[in-house]
Amino acid sequence: MREALVQARRAADLGEVPVGAVVVRDGEMIAAAHNRRETDFDPTAHAEVLVIRQAAVSLGAWRLEGCALYVTIEPCPMCAGAIVLARVPLLVYGAPDPKAGAAGTLMDITRDPRLNHRVEVIPGVLADECAAVMREFFARRRG
């Protein structure tokens, strides 16, 4: 999660909403990304989508079996769907997202029994620090 926080701060430095994500397999980080929506003019350039793409290229496979995805903020519906589609077995996130969280807060796409894959979810890892990065970013934008 610490590396995901580094990625989130990089996003903030670019004027992006500070969300960072990493994918780990067998204790080794194989991909890292942060939000790039503004930079890339791409509404789908969320940290989770970008890190899933990188990890798939790194593994040479679209199924991210044996991987863990760490992200600073609870994934939105699009990202939760991508996590399920990529067959990520473990999602670890920092702060919940009461407005768009789709891994247990607003809805739970990651563990929906109607889907063909369910994700183990560990919420709240370094939640205060992850939320603080977000709060500080928006306070600077308003101030």
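This is a short tour of three strands and two helices in a predicted model.

**Stop 1: strand 4.** Select residues 90-95, which form strand 4. Is this strand buried or exposed? Of its 6 residues, 6 are buried, so strand 4 is largely enclosed by the rest of the structure.

**Stop 2: strand 3.** Keep strand 4 on screen and add residues 67-73, which are strand 3. Strands 3 and 4 pair in the parallel sense, over 5 bridges. Now pick Y70. Which residue of strand 4 is its bridge partner? The partner is V92.

**Stop 3: strand 5.** Stay on V92 and select residues 120-122, which are strand 5. Strand 5 pairs with strand 4 in the parallel sense, over 3 bridges. Here V92 has I122 as its bridge partner. So V92 links to Y70 and also to I122. As a general point, side chains in a regular strand alternate between the two faces of the sheet.

**Stop 4: helix 4.** Select residues 77-85, which are helix 4. Together with strand 3 and strand 4, helix 4 makes a β-α-β unit. The unit is right-handed.

**Stop 5: helix 3.** Add residues 47-59, which are helix 3. Helix 3 packs with helix 4 at an angle of about 20°, and their axes are 8 Å apart. The angle makes helix 3 roughly parallel to helix 4, because angles under 35 degrees count as roughly parallel. Their crossing is left-handed.

**Stop 6: where the helices meet.** Show side chains for E48, V49 and I52 in helix 3. Then show M78, C79, A82 and I83 in helix 4. These two groups meet each other.

Note on methods. Residues numbered from 1 in each chain as written. Predicted model: local features only at pLDDT ≥ 70, side-chain atom pairs only at ≥ 80, totals over all residues. Heavy atoms only, no water. Buried < 20%, exposed > 50% of the residue type's maximum accessible area, 1.4 Å probe, protein only. Helix = DSSP H or I, 4+ residues; strand = E, 2+ residues; numbered from the N terminus. Pairing = 2+ DSSP bridges. Right-handed = clockwise from strand over helix to strand, strands pointing away. Axes fitted to C-alpha atoms, helices over the stretch in contact; angles between N-to-C directions. Parallel < 35°, antiparallel > 145°, perpendicular 65-115°, else oblique. Left-handed = near helix turned anticlockwise from the far one by under 90°. Contact = heavy atoms within 4.5 Å.
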